[in-house]
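Colleague: I am new to this structure and would like a close look at a single part, the nonpolar core. Please take me through it slowly, with whatever around it helps to place it.

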Amino acid sequence: MGCDGGSIPKRDELVKQKQKAAKVDQNILNQVQWFSCALSKKALSAPIVSCGLGKLYNRDAILEFLLDRSAYGDGDLICKHIKSLKDVVTLKLEPNPSFSESHSPSLTYHDQEPVARYVCPITMKEMNGKKRFVYLDTCGCVLSENAMKEIPSKSCLKCTKPFEPVNVITLNPKPEELEAMETALAEKQARILAEKKEKKKAKANKKELETMNSADPSMLSTTSSSKRKLDESTTPGAHSNQDQPSKKQHVSMLTAVKPSLSSTHSLTAAVAAKVAEQMAANASMRPKSSAIQSLYNNGRISKENFMNR
């Protein structure tokens, strides 16, 4: 160990120094992120999907994870933000014409330059981690970041579908970018949830209104048509040089509405009179008690009572 006269110790053997952070081989990191599924760790194969954090997955692995969240040991840590297939987007990737299965990456030969399966359809740059790539969550098209910067546009360069800056998601972002993307994803999910609640509430209100209106559809149609005609006849600026005819139309519409209301009132009054007549007939036919009948004989009051009986 030294200090015994047989060897001379070095400074780092006597003084404890701060350990340096271990450096990760960038080639191995690129192969893991760009050539394998982030969930199953298997080689990426179509169909490939991505989440709001820019990670790449095999669609089959996501389906298996959603059916059984314990299928993968670290699934809840990697995909805790994925609750359904709506949380991922199927990517539209451009195949690399120079790719063959013999060029598939291998961790055994990580020092060799792998050939990517997919390229940017605009710049033809390989999607191997050396260049930054993004995808649009509106259409799923994957493009290189250089192509987006060189050709600024508000529509997709591949399928011409319009998009907003918030729809651009970076694939495999840097660690310092990941926190901001997590915050943006949480805000997006909260916004979508609020929109769903508003739509559900509006649908319930509409259904309740339709139920109330379906009680008397004939009166509703008459009232709505009359109101529409009145609104058309009283619209400002319409028939500006024909004021007198518009007033006549207004009066005629009022007189057209009144007969329907008066007919309704007359029908109600007739029903009430019929009910009163029936009640009077029932009262006249009701049998009288013997005590009351003893007081009346053919409409005359009997002189016999309990005093002279």
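Modeller:
**The nonpolar core and its surroundings**

In this predicted model, the largest nonpolar core is made up of 34 residues, and the ones with the most contacts inside it are Leu-39, Tyr-57, Cys-79, Met-127, Val-142 and Leu-171. At least two residues of this core are supplied by each of α2 (26–35), β1 (48–50), β2 (56–58), α3 (59–67), β6 and α6 (175–213), and the largest share, three residues, comes from α3.

To see how one of these residues is placed, take Leu-39: leaving aside residues up to four places away in sequence, Leu-39 touches Tyr-57, Ala-61, Ile-62, Phe-65, Tyr-72, Asp-74, Gly-75 and Cys-79. Apart from the largest core lies another core, which has eight residues, including Val-134, Cys-141, Leu-143 and Cys-156.

The sheet comes next. Three strands make up an open sheet in the order β7-β6-β8, with antiparallel pairing. Because β7 (142–144) and β8 (168–170) stand at the edges and have a single partner strand each, one side of each is left without a neighbour in the sheet. From one strand to the next, the twist averages 35 degrees. Strand β6, residues 133–136, pairs with β8 over three bridges in the antiparallel sense, and within this part of the sheet Val-134 stands opposite Thr-170 in β8.

Strand β6 also takes part in an aromatic pair, and the structure holds one such pair. Trp-34 and Phe-133 form this pair, which is edge-to-face, with 6.3 Å from centre to centre and 65 degrees between the planes. The pair links distant parts of the chain, since Trp-34 belongs to helix α2 and Phe-133 to strand β6, and the two are 99 residues apart. Both Trp-34 and Phe-133 are buried.

A word of care about confidence belongs here. The chain has a mean pLDDT of 76, and 68% of its residues reach 70 or more. Over residues 236–245, however, the pLDDT is below 50, and this stretch has zero contacts in the model beyond near neighbours in sequence. Residues 254–261 likewise have a pLDDT that stays under 50, and for them the model has one contact beyond four places in sequence. Where pLDDT is low, the predicted coordinates should not be read in detail.

Key. Residues are numbered from 1 along each chain as its sequence is written. This is a predicted model: local features need pLDDT of at least 70, side-chain atom pairs count only at pLDDT 80 or more; totals for chains, interfaces and linings use all residues. Side-chain values use heavy atoms; hydrogens and water are left out. pLDDT is the predictor's confidence in each residue, from 0 to 100. Contact means heavy atoms within 4.5 Å. Two strands pair if DSSP finds at least two bridges between them. Helices (H or I, at least four residues) and strands (E, at least two) are DSSP runs, numbered from the N terminus. Axes are lines fitted to C-alpha atoms, for helices over the stretch in contact, and angles run from 0 to 180 degrees between N-to-C directions. A nonpolar core is a set of buried Ala, Val, Leu, Ile, Met, Phe, Trp, Tyr and Cys residues joined through side-chain atoms within 4.5 Å. Buried means under 20% relative accessible area, exposed over 50%, partly exposed in between (1.4 Å probe, protein chains only). Rings of Phe, Tyr and Trp (its six-membered ring) pair if their centres lie within 6.5 Å; planes under 30 degrees apart count as stacked, over 60 as edge-to-face and the rest as tilted.
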